[in-house]
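Grab a pencil and work through the exercises below. Try each task before you read its solution.

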Number of protein chains: 2
Amino acid sequence: MARARSSEDPETQGAAAGEKRISLVDDAYAAMRAAIRDASFAPGYQASEQEIALRLGMSRTPVHEAAIRLQEDGLVRVLPRKGILILALAPDDMREIYDVVIAMEGRAAELVAALPDEARLAAAQTLDAHTDAMAAAHARGDLPGWGSADAAFHAALIAQARNGRMSRIVQAINDQSHRARMLTLNLRRTLDASIGEHRRIAVAIRAGAIEDALEAARQHRIRARDELLPLLNSYGLKHL
Amino acid sequence: MARARSSEDPETQGAAAGEKRISLVDDAYAAMRAAIRDASFAPGYQASEQEIALRLGMSRTPVHEAAIRLQEDGLVRVLPRKGILILALAPDDMREIYDVVIAMEGRAAELVAALPDEARLAAAQTLDAHTDAMAAAHARGDLPGWGSADAAFHAALIAQARNGRMSRIVQAINDQSHRARMLTLNLRRTLDASIGEHRRIAVAIRAGAIEDALEAARQHRIRARDELLPLLNSYGLKHL
DNA sequence: GTATTTAAGCTTGCATGGAAGATGGCGCGC
DNA sequence: GCGCGCCATCTTCCATGCAAGCTTAAATAC
């Protein structure tokens with residue numbers, strides 16, 4: 001939403017092959033963003049613009065401008081005359097992030113449940129398809145598959161609400177928490193609880209039950225948060 | 001939260017005198033942002049970076065980098081090789097903005113209502129003070145005063161939730177809708193309704209009634225939206 | 001008069017150089 | 001041995017130059 005770049009699933013974009021790229025700044029932005037997501041730039045790492053520019057085969061200018069955008073996205077901090085710092089996430093950041101997600105997805109569920117019949121049913125069907133994919137991945141013990149199907153469900157929920165600003169905000173928030181999610185995927189026990197809760201959301205939407213959809217979406221995220229945060233603290237993960 | 005710049009009330013910052021500014025980019029950002037807020041840069045206006053740089057007495061580079069940040073904030077669009085376009089707001093944008101605000105302030109109200117006793121009571125008191133200011137301004141027919149007290153109330157609500165990401169998001173959204181709010185201030189009829197609803201929010205928070213606080217905050221914004229959007233449409237305001 | 005082509009003038013994209021600030025190490029004084 | 005100050009080096013910040021793309025308008029062909 002920030003740029004042309006319109007891949008449906010923010011979780012599994014990455015390469016985005018067929019695009020005619022015109023701007024080196026966009027290249028640098030995409031490359032750095034990807035590097036941060038998959039932790040090739042580890043949190044806490046402090047890079048110099050010169051070095052990144054060299055690695056990407058461009059001059060310092062586009063790297064610098066991309067860094068500004070990344071800073072606005074909350075992924076890095078550019079320290080005056082010191083370099084680019086890849087931001088780490090503390091448990092408290094995860095609390096903040098969850099509150100934003102709880103608020104946004106709750107409202108999104110309401111909006112989708114309030115759509116006219118046809119669009120609403122189509123949305124519910126899309127959501128159910130993602131939940132099916134989660135169940136299938138769960139059945140065959142495919143944890144990464146479960147993770148990306150889960151992400152696809154939530155991305156679809158937001159997308160169906162047809163609110164560009166909400167999409168953009170949630171995507172930025174997801175970028176920030178992506179590493180933490182990947183890391184904690186292995187720790188989570190109650191994958192099937194998520195599946196059941198997703199079903200409940202879809203049911204409420206299909207029925208046009210606005211209130212129920214809001215509450216189901218909220219409770220789903222609240223439970224996930226209450227499951228995750230203690231886990232982070234008990235593992236002593238001060239930054240991730 | 002984006003920068004050092006930490007004025008309590010995002011509505012009435014502006015000059016921000018006592019700060020030692022070190023970066024021309026920050027200067028340019030602040031100047032352009034202020035110009036857009038008070039409509040010295042009218043929406044739809046297309047400026048060239050060169051021209052702005054000249055007016056601000058700096059070179060194109062800092063202006064360009066500030067423009068990137070403003071674009072990320074959703075205030076302008078930089079058109080490749082065409083210049084900087086000051087974005088206008090369509091009624092549909094206002095719908096999007098209200099949905100975000102409804103979601104965020106609702107959650108914020110919950111969080112504040114869930115604070116421990118002392119903090120919660122202090123928060124309620126702060127909110128009531130702002131509502132008092134609104135009532136006083138209303139009584140003496142001071143519309144701008146009413147507007148800024150109203151803004152202060154909502155800013156305080158978000159601030160008390162102690163979530164930096166929420167604050168940042170709401171501030172960005174408010175920047176976008178600032179012009180529209182100023183413009184429609186004169187059209188609004190039910191100023192006293194707002195006062196009553198603000199009281200209800202504060203009461204719920206003081207009582208620690210989480211559910212009530214959420215619902216009161218949501219309903220307040222929903223009503224305001226339902227009052228404003230038809231107004232915009234009936235006046236044929238396609239962009240503002 | 002109209003349509004087509006061409007060229008000029010605008011714009012930003014990006015590279016690069018000089019300047020200023022921060023940091024770490026080295027040497028000197030004690 | 002220990003602490004303090006200075007300098008070398010590394011970093012970004014900002015100005016500027018050059019190139020490329022888009023728009024517009026003029027000039028030419030018909």
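Three exercises with solutions follow, after a note on conventions.

This is a predicted model, in which local features need pLDDT of at least 70 and side-chain atom pairs count only at pLDDT 80 or more, while totals for chains, interfaces and linings use all residues. Residues are numbered from 1 along each chain as its sequence is written, and chains are lettered from A and ligands numbered from 1 in the order in which they are written.

**Exercise 1.** Work out in which sense β2(A) and β3(A) pair.

- Start with the ranges: β2 of chain A covers residues 76–79 and β3 of chain A covers 83–86. Strands here are DSSP runs of E, at least two residues long, and helices are runs of H or I, at least four, numbered from the N terminus.
- The pairing is antiparallel, over 4 bridges; two strands pair if DSSP finds at least two bridges between them.
- Pick out one pair: A:Val78 sits opposite A:Ile84.
- Now the turn: 3 residues separate the strands of this hairpin, and A:Arg81 there has a positive phi of about 60°.

**Exercise 2.** Find the operation that lays chain B on chain A.

- Superpose by least squares on C-alpha atoms of residues with pLDDT of at least 70 in both copies.
- You get a turn of 180° and a shift of 0.0 Å along the axis, with an RMSD of 0.1 Å.
- The copies are therefore related as by a two-fold rotation axis.
- In chain B, the C-alpha nearest that axis belongs to B:Ala103, at 2.5 Å.

**Exercise 3.** Which elements each supply at least two residues of the surface near DNA strand C?

- Count a residue as near if its C-beta atom, placed from the backbone, lies within 6 Å of the strand.
- That gives 20 residues, with A:Leu24 and B:Ser48 among the closest.
- The elements are α1 (24–37) and α3 (60–72) of chain A, plus α2 (49–56) and β3 (83–86) of chain B.
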